[in-house]
Amino acid sequence: MSKRQWLWSIRLGAIALLLSFGATSAESAFQINSDTTCMKCHKRNGQMLGHHGQDAMKMTCSTCHGEKGDHPKKPNDIVVFGMKDGSELDTQLAVCHKCHTQRKLGETEWTHNVHAQKVPCAACHKLHSPTEPMADMTPKVRSELCRNCHSGR
């Protein structure tokens, strides 16, 4: 084995070792999931994973959902995301636009401009999941998602 091949082997081994540490820490619990006020009831469906759960973002459940207030009594002021059972559209969009400006969203993907005031972000984006399905979606799958609302009639 040449000196050059040996150095590359060492580098690749070091990279693999660093990646394995990263994978281990990614599986550990995020700080946001230590919010005892919310997690005592939302252990199963309330886990925040993926991008929005990063400790560096210093988010809490109330960052997006608002303060507990009268929750779990109904009615309450907790912001719920989604198409059918979600909070008012303007309320949902205001929360997302605190961090995601409409201008930047429109520059990233044209569909954000088209849907900006008509559809909640959670209609397409999965907010608590470990990965963002839209990021790796193939054009064919994305078209199928669009057809859920746009039947062509």
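## Cysteines that don't pair

Cysteine 149 has its closest cysteine sulfur in cysteine 124, but at 7.0 Å the two are too far apart for a bond. Cysteine 124, in turn, has its closest cysteine sulfur in cysteine 146, and that gap of 6.9 Å is also too far for a bond. A search of the whole structure turns up zero disulfides, a disulfide being a pair of cysteine sulfur atoms within 2.5 Å.

As for accessibility, cysteine 149 is exposed, at 60% relative accessible area, while cysteine 124 is partly exposed at 31%. The cut-offs here are under 20% for buried, over 50% for exposed and in between for partly exposed (1.4 Å probe, protein chains only).

## How far to trust the model

This is a predicted model, in which local features need pLDDT of at least 70, side-chain atom pairs count only at pLDDT 80 or more, and totals for chains, interfaces and linings use all residues. Residues are numbered from 1 along each chain as its sequence is written, and side-chain values use heavy atoms, leaving out hydrogens and water.

The protein chain averages a pLDDT (the predictor's confidence in each residue, from 0 to 100) of 79, and 80% of the residues score at least 70. Confidence is highest in helix 4 (residues 89-97), with a mean of 93, and lowest in helix 1 (residues 3-27), at 58. Over residues 22-27 the pLDDT drops below 50, and this stretch has zero contacts (heavy atoms within 4.5 Å) beyond near neighbours in sequence. Where pLDDT is low, don't read the predicted coordinates in detail.

Terms used:
Helix = DSSP H or I, 4+ residues; strand = E, 2+ residues; numbered from the N terminus.
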